[in-house]
Amino acid sequence: MSFRLGIGPVSIKQPSLKCRGIKCSKVFRASAAAPIDDMPGDHQRWVALLGREDEPTDALEDYCKLLAQSLQKKGCSLEIFRIDWAEQGWRRSLRDAGKQFAEQRGSWALVQYTPLAWSRHGFPLRFARMISGLKGAGIQVLIVFHDPEPFGGRRFRDRLRRGVQLAVMRRSARLADKIVSTISPDRVPWMQDPAIRAKTLLLPVGSNLPVMPRKTQRPGNRIPMIIVFGFSNLASETSMIAWVLSRAAEVVGPLHLTVFGRGAKVAGTLLLPLLADSPVELEDLGVLEAERAGSLLANADVQLFVRSGLSSRRGSGIAGIACGLPIIGFSDAETAFPVTEAGVRLVPIGDREGLVRELVLVLQQPTLRETLRQRNLEAAERYFSWDRIADAYLSFLRVS
């Protein structure tokens with residue numbers, strides 16, 4: 001089966017960076033530093049394959065573009081393509097794709113997987129067929145499982161969807177030549193199949209925000225700043241945040257809460273009445289330019305992470321680590337190395353009393369905050385930098 005995109009690759013002007021979003025056209029060549037034609041003739045050329053674009057921002061697109069920039073410095077180009085199945089339909093997309101990739105035989109395709117990238121409702125039934133088509137066209141396939149765990153839920157539809165996702169991931173993983181998991185494969189039950197585990201590499205995501213300088217002049221009597229970056233379950237997360245900060249403020253005094261990223265404007269509306277009777281100032285900023293967001297993280301006191309357990313696939317948490325910001329949050333089954341090496345203080349998921357305890361401790365002890373900052377900066381350089389991630393890809397895909 002051959003495999004082509006509906007339109008050919010074209011170079012475009014570099015898009016501006018947004019928090020958790022880099023806007024681009026449907027197909028583009030990611031060449032951040034120099035034209036691909038200027039590279040040595042023996043350099044490696046890979047393709048990153050994306051499904052449906054996420055709105056209002058697309059973290060997978062961020063991931064591919066930032067990876068491409070680091071790979072290019074190392075003599076490897078990464079061209080980034082979208083499969084326009086949502087607009088063109090699967091039949092046409094799968095039929096056309098082979099013509100586009102006919103000249104790519106023997107090269108690597110880095111296919112980015114989340115269920116909703118390949119299905120509107122989380123039933124990615126055609127994903128394995130697409131992987132089979134790439135293999136049939138002579139392409140070497142690496143699947144990056146950004147969401148290696150299936151969706152939860154107790155309804156019949158949820159159980160059915162979970163079964164479909166597990167079957168699709170198992171089937172496509174067996175077809176792939178290599179696999180990257182953004183969380184430890186030891187924590188993913190379906191990856192324990194020996195044939196799958198043997199070709200799987202743990203690679204955490206990197207930060208989609210630049211590391212900005214930290215201000216050196218910090219008045220000692222200023223109100224501590226707490227950051228929350230991004231929301232998913234607005235009702236439960238805002239309720240948890242308001243309760244934790246209100247309780248912590250009873251001990252340490254007034255606090256300043258800044259929320260930004262996806263869902264922050266709605267979250268601010270929900271948080272306002274919940275914090276009305278507390279000494280907690282609220283600032284909701286929405287989606288920010290990358291430089292401003294990075295500066296906020298670098299100069300805050302603590303990041304509060306309550307979306308789920310902190311793990312190596314959570315880009316908002318990794319951004320805090322990269323900026324040296326101490327993180328107070330939850331741990332769950334996904335929480336493992338290398339996140340546990342960073343400057344984080346985690347409690348079991350749902351333990352809101354534990355969050356208050358850790359938040360108060362970190363806010364009251366400047367020496368502890370500085371220790372956590374240094375651990376984050378060291379972990380960011382060792383595990384989460386894009387150059388480190390690019391090196392790992394090059395080593396993993398090196399031809400023997």
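How many helices and strands does the chain have? There are 13 helices and 15 strands, counted as DSSP runs and numbered from the N terminus, with H or I and at least four residues for a helix, and E and at least two for a strand. The model is predicted, so to read the legends, note that local features need pLDDT of at least 70 and side-chain atom pairs count only at pLDDT 80 or more, while totals for chains, interfaces and linings use all residues. Residues are numbered from 1 along each chain as its sequence is written, and side-chain values use heavy atoms, with hydrogens and water left out.

**View 1. The whole chain.** Of the 400 residues, 56% count as buried, meaning under 20% relative accessible area (exposed is over 50%, partly exposed is in between; 1.4 Å probe, protein chains only). Take the contacts with a separation of 6 or more: residues 24 or more positions apart account for 75% of them. Contact here means heavy atoms within 4.5 Å.

**View 2. An open parallel sheet.** Here 6 strands line up in the order 12-11-10-13-14-15, with parallel pairing; two strands pair if DSSP finds at least two bridges between them. Strand 12 (280–284) and strand 15 (344–348) sit at the edges with a single partner strand each, so one side of each has no neighbour in the sheet. On average, neighbouring strands are turned by 25° against each other, direction ignored.

**View 3. Strands 13 and 14, side by side.** Strand 13 (residues 302–309) and strand 14 (residues 327–331) run parallel and are joined by 4 bridges. Phe305 has Gly329 as its bridge partner in strand 14, and Gly309 has Phe330. As for strand 14 itself, 4 of its 5 residues are buried, so it is largely enclosed by the rest of the structure.

**View 4. Helix 10 and its Gly320.** Helix 10 (residues 315–322) lies across strand 10 (225–229), strand 13 and strand 14, at about 155° to strand 13. Axes are lines fitted to C-alpha atoms, for helices over the stretch in contact, and angles run from 0 to 180 degrees between N-to-C directions. Gly320 belongs to this helix, and its 0% relative accessibility makes it buried. Leaving out residues up to four places away in sequence, Gly320 touches Leu297, Gln303, Leu325, Ile327 and Asn376. The C-alpha atoms of Gly320 and Asn376 are 8.3 Å apart, with these positions 56 residues apart along the chain.

**View 5. Helix 1 against helix 13.** The axes of helix 1 (residues 59–73) and helix 13 (residues 386–396) come within 9 Å and cross at roughly 75°. That makes the two helices roughly perpendicular, a label for angles of 65 to 115 degrees (under 35 is roughly parallel, over 145 roughly antiparallel, the rest oblique). On the helix 1 side you'll find Tyr63, Leu66, Leu67, Ser70, Leu71 and Lys73, meeting Trp386, Asp387, Ile389, Ala390, Tyr393 and Leu394 of helix 13. Gln72 is also in helix 1 and counts as buried at 9% relative accessibility.

**View 6. Two nonpolar cores.** The largest core has 77 residues, and Trp46, Leu67, Val111, Trp118, Met130 and Tyr393 have the most contacts inside it. A core is a set of buried Ala, Val, Leu, Ile, Met, Phe, Trp, Tyr and Cys residues joined through side-chain atoms within 4.5 Å. Apart from it lies another core, of 32 residues, including Val244, Val280, Val302 and Leu363.
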